[in-house]
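Welcome! Take a look at the sequence and the model below, then work through the exercises at your own pace.

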Amino acid sequence: MNAATNLAAQGRATGFAFLGQSSGFNISFSLIPFDRTSSYLQVYFVGILNTLLVAAVGIVLATFLGFAVGIARLSKNVLIRALAAVYIEIIRNVPLLLQLIFWYFLSLNALPVVRESLALPGGIVANRRGVSFPQPIFDDRFIWVALVAVVALTVALVMRRRTLKQIETTGDRRSVWLPFFGVLIVPVVAAFFLTGTQVQFSFPELTGFNYTGGWTAPPELTALILGLVLYTAAFIAEIVRAGIQSVNYGQTEAAAALGLKDSDRLNLVIIPQAMRVIVPPLTSQYLNLTKNSSLGAAIGFPELVNVFVGTALNQSGRAIEIIGLTMLVYLTLSLVTSIFMNWYNARVALVER
């Protein structure tokens with residue numbers, strides 16, 4: 001009531017009708033078409049998609065790197081163990097914002113200018129304006145290949161689950177991944193050739209003073225993902241190390257007595273038991289990475305906080321509505337992540353007899 005009274009006294013309008021108004025500004029990086037005539041609602045969607053892109057890529061890469069470094073922390077090799085420890089201690093004790101600024105200016109200054117761009121394998125081009133990748137372009141018939149891929153993936157997951165259950169029941173070791181990829185790849189390849197789908201690639205080409213074609217990741221995106229991945233992976237590594245050490249060493253000795261190789265001991269005995277300890281704090285790191293993506297505003301990446309809470313709020317003056325919509329996005333992402341990770345935690349929990 002106090003806010004409504006003060007807004008009315010100042011003659012300021014309230015409501016969400018402003019979302020249909022033209023924004024009047026451009027966004028440097030967008031996954032959907034956007035120009036100066038686009039509405040504030042489209043600005044909202046651009047910010048959400050850019051945030052989701054950073055969060056999704058960051059979570060996947062940070063998980064792989066974190067597990068690798070966490071296992072390296074327990075390596076019998078002194079050099080590997082020491083390097084992992086140095087990485088963790090340095091990264092965890094330097095503020096994330098400072099790291100983002102470091103990677104941003106390093107990516108700008110370490111790469112050459114456009115005329116002297118680095119030509120990397122696979123048609124990739126890197127310069128101070130970003131890293132450009134070849135972009136595949138599919139025709140209308142690709143939708144059938146995508147549908148077959150979805151059905152094949154579903155069948156492959158069901159078969160893999162049944163195979164794992166049979167292995168646990170009978171103790172008979174059999175291949176799991178070979179049939180999985182066979183069921184997944186063969187129908188997709190067959191559908192690709194039967195439908196006659198055409199795939200073309202748009203390669204980056206120097207046109208005038210810049211590269212055109214392909215898909216370009218700006219230096220702001222590269223620095224943001226790199227900083228978030230390295231920072232979050234350091235925390236995940238310590239979570240993985242603690243989870244592995246929580247497993248009774250007698251389990252490792254029992255696995256060795258059965259003649260299991262080091263890799264089999266880790267994959268079949270230690271990691272499955274450690275996951276019940278790893279998953280809960282791992283969920284917190286995923287949530288932190290998603291929310292920390294808002295620091296992209298400090299280096300100019302157009303994520304949700306930058307384009308919506310920043311530019312859109314300054315132009316429209318609708319602070320309460322914009323802040324409320326932004327909070328709703330982060331709340332939704334956090335709840336969805338938590339629900340999924342709680343479901344996964346229940347799946348990997350030990351079942352006592």
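## Exercise 1: A residue in a loop

Val113 is partly exposed, with a relative accessible area of 37%. Bear in mind as you go that this is a predicted model.

**Task.** Explain why Val113 counts as partly exposed, then describe its surroundings.

**Solution.**
- Step 1: Begin with the cut-offs: buried means under 20% relative accessible area and exposed means over 50%. Val113 has 37%, so it counts as partly exposed.
- Step 2: Find Val113 along the chain. It sits in the loop that runs between α4 (96–110) and β1 (118–120).
- Step 3: Look for its contacts. Leaving aside residues up to four places away in sequence, Val113 touches Asn127 and Arg128.
- Step 4: Try a longer distance. Between the C-alpha atoms of Val113 and Ser246 there are 50 Å, and the two residues are 133 residues apart along the chain.

## Exercise 2: The largest pocket

**Task.** Work out which elements give two or more residues to the lining of the largest pocket, and sort that lining by residue type.

**Solution.**
- Step 1: Start with the volume, which is about 2200 Å³ for the largest pocket.
- Step 2: Turn to its lining of 36 residues, where Arg160, Leu164, Glu168, Asn267 and Pro272 are the closest to the centre.
- Step 3: Assign the lining to elements. Two or more residues come from each of α5 (142–170), α9 (262–292) and α11 (319–348). The largest share, 9 residues, belongs to α9.
- Step 4: Sort by type: the lining of the largest pocket has 22 nonpolar, 5 polar and 9 charged residues.

## Exercise 3: The second largest pocket

**Task.** Repeat the analysis for the second largest pocket: which element supplies the largest share of its lining?

**Solution.**
- Step 1: The second largest pocket holds about 520 Å³ of space.
- Step 2: Its lining is made of 14 residues, and nearest the centre lie Leu74, Lys76, Thr252, Leu266 and Ile270.
- Step 3: At least two lining residues each come from α2 (40–72), α7 (219–245), α8 (249–257) and α9. With 4 residues, α9 supplies the largest share.
- Step 4: By type, this lining splits into 8 nonpolar, 3 polar and 3 charged residues.

## Exercise 4: One helix up close

**Task.** Is α7 mostly covered or mostly uncovered, and how does its span compare with the expected one?

**Solution.**
- Step 1: Count the buried residues: 22 of the 27 in α7, which is mostly covered.
- Step 2: Check the span. From first C-alpha to last, α7 reaches 39 Å, close to the 39 Å expected at 1.5 Å a residue.

Definitions and conventions: Residues numbered from 1 in each chain as written. Predicted model: local features only at pLDDT ≥ 70, side-chain atom pairs only at ≥ 80, totals over all residues. Heavy atoms only, no water. Buried < 20%, exposed > 50% of the residue type's maximum accessible area, 1.4 Å probe, protein only. Contact = heavy atoms within 4.5 Å. 1 Å grid on protein atoms, 1.4 Å probe; cavity = no way out; pocket = protein on both sides within 12 Å on 5 of 7 lines; lining within 4 Å. Points joined across faces, edges and corners; volume = space filled by probe spheres on them. Nonpolar A, V, L, I, M, F, W, Y, C, P; charged D, E, K, R; others polar. Expected span 1.5 Å × (residues − 1).
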